[in-house]
Amino acid sequence: MGGHSEALLEHCTHQLLGLDRDAAALPHATDRLQKYAPRFQLKHRSYLDMVAAAAELGWHEVDGILLDLGFSSVQVATPVRGFSFQLDGPLDMRYDCASGDTAADWLNAARESEIVQVLLAYGEEPQSRAIARAIGAERPIHTTKQLSELVERVKGAGSRRAKIHPATRTFQAIRMFVNDELGILKKALPQAIRLLRTGGRLAVISFHSVEDRVVKRFFQEASRNCICPPEKLLCDCGHVATVKRVTRKPIRAQSREIARNPRSRSARLRVVEAL
Ligand SMILES: C[S@@+](CC[C@H](N)C(=O)[O-])C[C@H]1O[C@@H](n2cnc3c(N)ncnc32)[C@H](O)[C@@H]1O
């Protein structure tokens, strides 16, 4: 919806380029930012293409980059997008509705062992085997309701009393797989560092431990002059630090912000500065 862009344009005199892989996100943001024209441009692109998108504006280095990962409140509240386990809709989950397989395409064709891997790696779902087996038995699965009810059945009545909805981890994992979220994040982080001018800053907001771990490890490694294993006495890795960490621990929303915006409770912000 352009909320971060609005805050940046309000507080800085810079030019801003906003990228979203979801074409439907751009009109909302364009309306919201009108009063800052012509200081901003919005493009329907993956942030994986940030270097090319910036070069199209003649920018070969930038002062700051913000990656706000995952899905938006609008996407989850729009049943036809298939992101919500609480609203019934087609099991889609693609950020870019014009390309790639939907969640249903993948789930109905994948091997059960592949589903187990995805639920474990991207959702850390402890009951991944039982859920994959139930999916295998019930296919084809076409709707979000069908999938969330299946997961609830597998996890049992007790799981409904847990802090998070029983289908949270399954939906998170499938969404991350369908959109290759971790693959894109891992490839884009080094590109972002190269695009920053010296002293420029990269800020990343993540919403769960799986993606935060990728950001944390990348920032740790990029800020070290040696990445040899600890048992090595003499360094021969030739690694040179490209950033310094501005935040050691992630910045979390405080209670006042959480009261105003409950979704901020799981947000973690990490920042580095290019050397
Ligand atoms: C948490 S929301 C960000 C909202 C944004 N910061 C704002 O204030 O409007 C995440 C957004 O990232 C988009 N997104 C997900 N993967 C992307 C990618 N690889 N490239 C560009 N945008 C992506 C989603 O479509 C979604 O709109």
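Reader: What separates the C-alpha centres of domain 1 and domain 2, and what are the bounds of these domains?

Author: The C-alpha centres of domain 1 and domain 2 lie 27 Å apart. In the protein chain, domain 1 covers 3-71 + 181-274, while domain 2 covers 74-178; such bounds come from an automatic or database domain assignment. Residues are numbered from 1 along each chain as its sequence is written. The model is predicted, and local features need pLDDT of at least 70, side-chain atom pairs count only at pLDDT 80 or more, and totals for chains, interfaces and linings use all residues.

Reader: How many residues of domain 1 are in contact with domain 2?

Author: Contact here is established from C-beta atoms, placed from the backbone, that lie within 7 Å of each other, and 7 residues of domain 1 meet 10 residues of domain 2 in this way. On the side of domain 1 that touches domain 2 there are 3 nonpolar, 1 polar and 3 charged residues, where Ala, Val, Leu, Ile, Met, Phe, Trp, Tyr, Cys and Pro count as nonpolar, Asp, Glu, Lys and Arg as charged, and the others, Gly among them, as polar.

Reader: Why is H1 called roughly parallel to H2?

Author: Helix H1 (residues 3-11) and helix H2 (residues 25-33), which like all helices and strands here are DSSP runs, pack at an angle of about 25 degrees with their axes 10 Å apart. Angles under 35 degrees count as roughly parallel, and therefore H1 is roughly parallel to H2. Ser5, Glu6 and Leu9 of H1 make the contact with Ala29, Arg32 and Leu33 of H2, which by class gives 3 nonpolar, 1 polar and 2 charged residues.

Reader: What makes H7 oblique to H8?

Author: Helix H7 (residues 128-138) packs against helix H8 (residues 144-155) at an angle of about 130 degrees, with their axes 10 Å apart. Over 145 degrees would count as roughly antiparallel and 65 to 115 as roughly perpendicular, with the rest oblique, so H7 is oblique to H8. Ala130, Ile131, Ala134, Ile135 and Glu138 in H7 meet Leu150, Val151 and Val154 in H8, a contact of 7 nonpolar, no polar and 1 charged residues.

Reader: Which residues surrounding the ligand are the closest, and which elements supply at least two residues of the shell?

Author: A residue is near the ligand if its C-beta atom, placed from the backbone, lies within 6 Å of it; 19 residues surround the ligand, and the closest are Gly3, Arg21, Asp22, Asp68 and Ser72. H1, strand E1 (16-20) and H2 each supply at least two residues of this shell, whose residues divide into 9 nonpolar, 6 polar and 4 charged.

Conventions. Two residues are in contact if their C-beta atoms, placed from the backbone, lie within 7 Å. Axes are lines fitted to C-alpha atoms, for helices over the stretch in contact, and angles run from 0 to 180 degrees between N-to-C directions. Helices (H or I, at least four residues) and strands (E, at least two) are DSSP runs, numbered from the N terminus.
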